[in-house]
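User: Please take a close look at one part of this structure and set it in its surroundings. A connected account for a reader new to it would be welcome.
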Amino acid sequence: MKSAKTNNRIGSILRIAVMMIFTAVCVVLVPSLDAYAAEAYVTFGSESYTPKAGKEFKVGVYVKCMDGVGASSLTIGYDPNCLEYVGGGSGYDLENGLVFIVDDIGNGANSKKFMLVFKAKTESFSEIHAVANFVYTYDFPDVIMEDGTVVPCADPVECTITGSAMAPVMIQGTAPKPEEKPEEKPEETVNQQEETEDVEEQTEEPEVIAEVPVEEQQIEEQIPEEQVPVVIDAPVISETVEENTEEPSVPDTIVEANPLYFYDGNNDNEPEKQVDESAILMLILVGSAIALLLLLWMSRDEFKARKKEAKLYVDALEDPNYEDENTDEFIIELPDENKTQDDGLYSEDDIITDIGEDTTTFSDDDLQIINMDERLAVDDRERVISVKDVTMEFHLSTYNPSGLKDYLIQMVKRNISYRRLYALHHVSFDVYKGEVVGIIGTNGSGKSTLLKIVSGALRPTSGSVTVDRKKVQLLTLGTGFDMELTARENVYLNGSIIGYSRDFLDKHYDDIVKFAELEDFMEEKVKNFSSGMVSRLGFAIATAGDAAEILILDEVLSVGDEFFKKKSLARIREMIHGGSTVLIVSHGIGTILDNCTKCVWIEKGELRMVGNPQEVCDAYQHMENSESAVGA
Amino acid sequence: MKGRFSDILQYVFVIRELTSREIKRKYARSSLGIIWSVLNPLLMMVVMSLIFSTMFKKSIENFPIYYLTGQTVWGLFNGATNSAMTALVDNKTLLIKAKLPKHTFILSRVYTALVNFGYTCIAYILMLLVFRIKFTLTMLLFPVGIFFALVFSIGLGYLLATEYVFFDDIKYLYGIFLTLLMYMSAIFYPVENLPEVVQKVVNMNPVYLVILFSRECVMYGHVPEAWVWARLSAWSVASVVLGMIIFRVQENKIMQTI
C-alpha cells in the first residue's frame with residue numbers, strides 16, 4: 001500500500017515537473033513571437049505587367065497586414081521614361097517617377113487595395129516598385145460624434161514592412177506621343193477610378209469630411225517631411241493634405257483623392273430593430289425577475305405567518321388551563337436524532353443491566369421533593385448551568401413539496417399545514433459546580449437538543465439557559481471528519497473545529513495518535529478506516545485538551561473494542577476528577593450509574609425526573625420494561 | 001482583550017482548515033490536483049481565443065488577456081457565490097454540533113474561492129508576461145477590484161446560503177441567473193458591440209464593473225473612472241449589509257430547519 005502511494009506521488013511530482021518545464025519553455029520561447037510585432041506587406045496585383053504601348057493599364061497595390069490595415073503611406077516608384085502616371089494615387093512626382101498613396105484611416109481588414117492607372121509609353125522593359133512605405137495597424141477607429149468632433153483613440157502601432165515589392169513591366173509595341181498635361185489627369189481619372197472602386201466607397205457620407213481636418217494632422221506626423229513638398233504640385237491633393245484649417249467644401253475632391261472607408265464598430269445603421277428586440281428581452285427579464293421575487297416573497301410571508309401562529313400557540317400553551325386540554329396532542333419526535341445516535345456505534349443491549357421488579361413509580365410530588373432536597377443540599381455551591389423553562393419547538397411540514405412549483409400549487413390550495421414538534425417542553429434544572437450529571441431518555445426524547453441548547457448551538461424557542469459559554473466544551477465524536485482526507489489532516493480539521501489552536505495541535509499530535517493507537521495509519525485516508533478506528537481517532541482528538549470547566553459528552557463513552565472502552569472511560573474519569581462539571585448523554589445506564597452524581601430523565605421532551613442516579617435509572621428502566629410489556 | 005484576540009486567531013485557523021479541506025477534497029481524486037486551478041483558465045483562454053479572437057480582432061486588442069482578465073474575475077465570483085450557497089446545508093452536522101459561529105462556513109467557502117483565484121492569478125501573471133503587457137503602477141489597483149468582488153460575493157453568499165436552507169430551488173434559479181450574468185459581463189466580447197440599452201444594463205452589472213476595473217488598471221494602465229468606483233462600492237456595501245441582515249434575522253430559523 002505504501003509503495004503504491006509513494007509511486008503515485010513520484011508520478012505526480014514528475015508530471016508537475018514536466019508541466020513546470022513546459023511552462024518555463026513557453027515563457028522563454030514565446031516572447032520571441034512578440035505579439036505586437038505586426039508585419040505588413042506591400043504587393044502588386046500581378047507578378048508582371050505586359051501592357052501595349054500607348055495603352056493605359058491598371059496596377060493594383062495591396063497592403064496586407066494581419067493585424068488589420070490602418071493608416072498607410074505608400075510611395076510607388078516607376079520609370080518615367082517608360083511609363084506615365086495617369087491617376088489613382090493621392091499625389092505624384094512626375095520627374096522622379098514617384099506616386100504617393102496616402103490613406104489615413106485604413107479599413108481594418110487584413111488587406112487593402114489601391115488602384116493606380118499608368119500609361120505605357122514605348123516598348124521597353126522597366127519595373128514598378130514600392131519605395132518607402134509606412135503602414136500602421138488598424139486600431140480602434142476614431143469616434144466621430146454627431147456634431148462632427150473627432151475623439152481620437154489609442155495610438156496605432158507602426159508595422160515593420162517586410163518584403164520589397166517589385167513588378168516588371170514589359171511594354172510591347174510603339175507608342176503614340178503622350179500629349180496630356182499632368183494637371184488634367186487627376187480629374188479625368190476620377191471617373192475611371194470611381195468605376196474601379198468598390199461600391200461601398202461611394203456610400204461615403206458627409207461625416208467623413210468632417211473628420212478630415214483632424215486626421216490630417218496625423219498624416220503630417222506620419223509622412224516624413226521630405227515627401228510632403230512633392231505633393232504640393234497637385235492642386236487637388238494639396239487641399240486635403242496641407243490646408244488643415246480649411247473645411248473641404250466639395251465632398252468629391254476628398255473621395256477621389258483618397259477613398260475613405262470608415263469602420264464603425266457600433267453599426268449605427270441598424271439601430272431601431274435591435275433596440276426593440278432588446279427592449280422586449282429586457283421586459284421579459286425584468287418581468288420574470290419580478291415574478292420570481294414575488295414568489296419568494298410570498299413564500300417568505302408563509303414562513304412569517306407560520307411563525308406568528310406558532311407564537312400564539314406557545315402563548316396558549318403557557319396558559320395552564322389551555323395546557324391541560326392540549327398536552328396530549330403534541331407529537332414529539334426527532335427523527336434526526338434517531339439517525340445520529342443510532343449510527344451503529346453501540347447497541348443498547350450491550351449495556352443495559354438487568355433490574356429487578358421492585359422499581360417504584362414517581363409522581364410529580366416526588367419529583368418536586370427530590371428537586372428540593374437537591375437544592376437544599378447544594379445550595380452553598382456555585383451554580384454553573386441553569387436551565388429555566390426551556391422549550392424548543394420545531395416545525396415539520398406534513399407535506400413535503402418536491403419543488404417550488406409544487407409548493408406554490410399546494411400553497412394556493414391551502415394544503416400545507418405544519419406540525420409543531422416539541423423537542424423540549426418547559427424543561428428546567430440546575431447543575432452545580434463539580435457535579436457529574438447524566439441525561440437519559442429514549443431515542444428522540446430531546447437529550448441532544450438539550451445539549452445543543454446548553455452548548456449554544458441552538459437558541460431555545462422560549463425559556464433561558466444561563467451558562468458561561470466560554471467554559472463549555474462539547475465533546476462529540478468525529479464532528480467534521482472528512483472521509484476524503486487523511487487521518488493527519490482530519491486531526492487538524494477536527495481539532496480546529498473543536499476549538500484547539502494550531503500550536504496546541506502541533507504539541508499534542510503525537511499524544512492523540514498514540515491514544516488512538518493509529519500510528520501506522522495517519523497518512524491513510526479516513527474513508528479506508530473501520531468505524532472503530534474512526535471513533536477511536538475522534539475520541540482521542542476530543543479528549544486531547546485539558547478538561548474544560550464544563551464538559552459535555554454526547555455519546556462519547558461507547559466507542560471501540562473492550563480495551564479501548566476501558567481506556568476511554570479511564571480518560572473521562574480523569575477529566576471528571578480534574579474538577580470539571582460534566583454533562584453526559586448516554587444510553588448506557590451502567591455508565592451513568594458508575595459516573596454520575598445526578599441524573600436527569602427526559603422523556604418525549606418533558607422533564608420526568610431529576611435526582612439520584614440510582615432512583616432515576618430505576619424509574620427509567622421500569623418504564624422501559626412496562627412499555628415493552630405493553631408492546632408484547 | 002487578549003481573549004478576543006485569541007478567539008479571532010482560532011477563527012482564522014478554523015477557516016483555514018475548512019478551506020484546506022475544501023481544496024484537498026476538490027482535487028482529492030485528480031493527479032494534477034491544484035495545478036488544475038492554473039491550467040484550467042489557461043486552456044479556457046486558448047479555446048476562447050481560438051474561436052473569438054478573429055471575430056473581435058478589430059475591436060479587442062490582445063484578446064487572450066482581455067478574456068483571461070474577465071475569466072479570472074468571473075471565476076472568483078462564480079466559485080465564491082456558488083459554493084457559499086450550499087455552505088450551511090453541506091455542513092449541517094458541524095453547524096449543529098460544533099460551537100462555531102455559523103458564518104465561518106460561508107466565509108471559508110469564499111476564502112476557498114479566493115485561494116483558487118490566487119492560483120489562477122499565477123496563470124494570469126504568466127500570460128501578462130508572455131504577452132508583454134507593460135507593468136504600470138495602476139496594476140497595483142487590481143487587488144482593490146478583487147476586494148470589491150470579494151465583498152460583493154460575501155454579501156451575496158450570505159443571502160444565498162440563508163435562502164438555500166429554505167428553498168432547494170434557489171440552486172437552479174441561481175444557475176440560470178449566473179448564466180445571464182455571465183453573458184452580461186462582457187467576458188469575451190466588447191461591450192461596444194451591444195445595443196445601447198443593453199450596454200446601460202451591463203454597465204450596472206457588478207461583475208462586469210469589476211472586470212472593467214481590472215481591465216482598465218491591468219491592460220490599459222488607466223485608473224478606473226469615478227463612476228466605476230462609485231457603483232462598485234455601492235454594490236459591495238449594499239450586498240454585504242443586506243446579506244448580513246437577512247442572515248442575522250434568519251439565523252435561528254436556519255438552525256431549526258436544517
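Analyst: In chain A, 35% of the 632 residues are buried; a residue is buried if 20 or more other C-beta atoms lie within 10 Å of its own, exposed if 12 or fewer, and partly exposed in between, with C-beta atoms placed from the backbone. This is a predicted model, in which local features need pLDDT of at least 70 and side-chain atom pairs count only at pLDDT 80 or more, while totals for chains, interfaces and linings use all residues. Residues are numbered from 1 along each chain as its sequence is written, and chains are lettered from A and ligands numbered from 1 in the order in which they are written.

Chain A contains 19 helices and 21 strands; helices (H or I, at least four residues) and strands (E, at least two) are DSSP runs, numbered from the N terminus. Two residues are in contact if their C-beta atoms, placed from the backbone, lie within 7 Å. Among the contacts of chain A between residues at least 6 apart in sequence, 77% join residues at least 24 apart.

The part chosen for the close look is helix 17 of chain A, which spans residues 562-577. From its first C-alpha to its last, this helix of 16 residues reaches 22 Å, close to the 22 Å expected at 1.5 Å a residue; the expected span is 1.5 Å times one less than the number of residues. Its buried residues are S568(A), I572(A), M575(A) and I576(A). Seen down the axis of helix 17 of chain A, these buried residues fall within an arc of 100 degrees, so they line one face of the helix; the arc is that of the directions from the helix axis to the C-beta atoms. On the other side of the helix, E562(A), F563(A), K566(A), A570(A), E574(A) and H577(A) are exposed. Helix 17 of chain A is followed by G579(A), which has a positive phi near 100 degrees.

What do the buried residues of helix 17 of chain A pack against? Their partners in chain A are strand 15 (436-440), helix 16 (531-542), strand 18 (550-554), strand 19 (581-585) and helix 18 (589-595).

Strands 15, 18 and 19 belong to an open sheet of six strands in chain A, with the order 17-18-19-15-20-21 and mixed pairing; two strands pair if DSSP finds at least two bridges between them. The edge strands, strand 17 (472-475) and strand 21 (606-611) of chain A, each pair on one side only. On average, neighbouring strands of this sheet are turned by 15 degrees against each other, direction ignored; the axes are lines fitted to C-alpha atoms, for helices over the stretch in contact, and angles run from 0 to 180 degrees between N-to-C directions. Strands 17 and 18 of chain A run parallel and are joined by four bridges. In this pair, L474(A) stands opposite I552(A) of strand 18.

I552(A) also leads to the interior. Together with V454(A), L583(A) and I584(A), I552(A) is among the residues with the most contacts inside the largest nonpolar core, which has 143 residues; a nonpolar core is a set of buried Ala, Val, Leu, Ile, Met, Phe, Trp, Tyr and Cys residues joined through C-beta atoms within 7 Å. The largest share of this core, 14 residues, comes from helix 7 (residues 142-166) of chain B. Leaving aside neighbours within four places in sequence, L583(A) is in contact with V431(A), V437(A), I439(A), L451(A), V454(A), I552(A) and L553(A). Apart from this core lies another, of 29 residues, among them V42(A), C65(A), V99(A) and M115(A).

V454(A) and L451(A) are among the buried residues of helix 13 of chain A. Nine of the nine residues of helix 13 (residues 447-455) are buried, so it is largely enclosed by the rest of the structure. Just after helix 13 of chain A, G456(A) takes a positive phi of about 95 degrees.

Chain B, which supplies helix 7 to the core, has eleven helices and zero strands. Of its 258 residues, 42% count as buried. In chain B, residues 24 or more positions apart account for 78% of the contacts with a separation of 6 or more.
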